Amino acid sequence: MNGADLMQALDGIRVLDFTQMMLGPFGTQVLADLGADVIKVERAEGEWERSLEMMGELVGGESAAYLAMNRNKRSLALDLKNPIAKKALLELGKTCDVVVENFRPGVLSRLGLGYEDFKAVKADIIYASGSGWGQDTRFARENRPGQDLLIQAMSGLAASGGRRNDPPTPAGTAIVDHATALTLANGILAALIARNTHGIGQRVEADLYSTAIAMQCQEISAFVNQGTDYERSVEGIGQAWLSAPFGVYEAADGWVAIAMASLPEISDGIQGANLDGLDAWKDRDEVKRRLEAFTRTRSVQHWLDELSARGLWAARVRTTREAVDELREDGSDLIVTVDGPAGDPIELIGSAIRLSETPWQQRLAPPRVGEHSADILREVLTEDEVSELLGDRK
């Protein structure tokens with residue numbers, strides 16, 4: 001992944017990236033991995049997520065979360081309220097194809113760095129905004145904080161997970177942040193195509209709440225059109241919306257996930273469970289109880305063999321560590337090694353996008369705060385202005 005001469009899909013595309021946390025940085029890393037020159041603009045002390053401890057620790061003084069989402073970028077650390085910084089950023093905007101930000105609505109506009117400000121210096125600029133609640137919605141006007149867990153709570157996602165008598169159960173990762181980052185990146189790529197086709201720039205928007213609702217498109221379509229509401233199953237069928245046997249079942253030595261199957265099919269695969277006369281939806285809890293009484297008696301592998309032989313979909317429930325260890329053992333390029341902030345090698349997750357002729361590349365390690373500030377600013381400022389703006393950080 002270090003082939004410097006490899007052609008990449010976004011070669012020649014330049015992005016001015018004002019984002020922080022996950023929604024923005026993961027989306028702009030998608031662009032960076034595909035070849036875009038992404039200039040990460042952050043405050044002098046670095047973006048907040050650099051100090052976010054994961055499992056109570058940092059990696060070489062940086063957050064694992066920051067390291068995971070900021071490779072292949074260059075860091076420009078500035079005080080955005082400094083007039084020279086504003087001048088430099090607008091001058092850089094003239095050289096960029098895309099500006100991306102995920103501040104609360106209106107913050108960058110008040111600093112003179114909004115869509116209209118960049119459009120004034122580059123008419124076909126693409127200005128992408130990520131947010132929690134949208135730019136001008138009910139919740140945005142209430143100035144609510146937009147964060148993944150809060151969005152899972154407000155959108156119904158958290159209330160749909162787990163068993164009926166359990167508390168609402170959010171996903172085990174920042175699933176809405178991740179999906180919205182990809183949505184934002186898709187919007188930017190569409191806008192780049194539109195600019196090449198129609199010669200226009202435009203504003204692109206994606207927000208966590210809209211994405212969380214869109215992620216539930218099939219479930220919402222069911223209950224709004226079928227006239228019935230839903231509730232989680234008592235025994236924990238895999239999703240609140242689906243019929244038995246869909247779910248996770250305890251085996252003698254672990255857990256097995258069973259996906260789509262009819263009751264007659266699953267009765268054939270797990271012989272001995274008396275499912276006659278049961279309805280896959282109305283009796284889903286009883287189906288789960290009866291099936292699990294049998295799955296507990298044999299190993300996961302036994303049930304995988306039995307179900308696979310009948311063409312039924314099942315899988316072992318593994319830990320994240322087990323999945324990562326297997327990727328490492330297989331030499332997968334989903335695990336990449338880069339220089340960490342302390343100089344020691346660290347492992348990151350690679351891009352999930354596969355392009356046969358213009359593959360993604362690992363070009364740059366996640367940057368230190370302001371690592372590239374002087375080089376970037378010299379493109380648009382005099383040496384005296386660079387010195388005045390950066391001071392001892394030059």
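The following exchange concerns salt bridges and surface exposure in a predicted model.

Me: What makes the pair Lys122 and Asp124 a salt bridge?
Reply: The closest N and O atoms of Lys122 and Asp124 are 3.5 Å apart. A salt bridge requires a side-chain nitrogen of Lys or Arg within 4 Å of a carboxyl oxygen of Asp or Glu, so the pair qualifies. By this rule the count comes to 32 salt bridges.

Me: Why is Lys122 called buried?
Reply: The relative accessibility of Lys122 is 18%. Buried means under 20%, and therefore the term applies to Lys122. Asp124, at 24%, counts as partly exposed, because that term covers values between 20% and 50%.

Me: How do you know that Arg328 and Glu347 form a salt bridge, and which parts does the pair tie together?
Reply: Their closest N and O atoms lie 2.9 Å apart, and the cut-off is 4 Å. Arg328 belongs to helix H15 (residues 320-330) and Glu347 to strand S11 (residues 345-349), so the salt bridge ties together parts that are 19 residues apart in sequence.

Me: Why is Glu383 called partly exposed?
Reply: Glu383 has a relative accessible area of 37%, which falls between the limits of 20% and 50%, so the term is partly exposed. Glu383 meets Arg378 in a salt bridge (3.1 Å, N to O), and Arg378, at 38%, also counts as partly exposed.

Me: What makes Val248 eligible for a nonpolar patch on the surface?
Reply: Val248, in strand S7 (residues 247-251), has a relative accessibility of 36%. Patch residues need over 30% and no salt bridge, so Val248 satisfies the area requirement. Val248, Trp255 and Val317 together have about 240 Å² of accessible area in this patch.

Notes: Residues are numbered from 1 along each chain as its sequence is written. This is a predicted model: local features need pLDDT of at least 70, side-chain atom pairs count only at pLDDT 80 or more; totals for chains, interfaces and linings use all residues. Side-chain values use heavy atoms; hydrogens and water are left out. Patches are made of residues with over 30% relative accessible area and no salt bridge: like charges are joined within 9 Å, nonpolar side chains (Val, Leu, Ile, Met, Phe, Trp, Tyr) within 5 Å. Accessible areas come from the Shrake-Rupley method with a 1.4 Å probe; for residues, only the protein chains shown count as cover. Helices (H or I, at least four residues) and strands (E, at least two) are DSSP runs, numbered from the N terminus. Buried means under 20% relative accessible area, exposed over 50%, partly exposed in between (1.4 Å probe, protein chains only).
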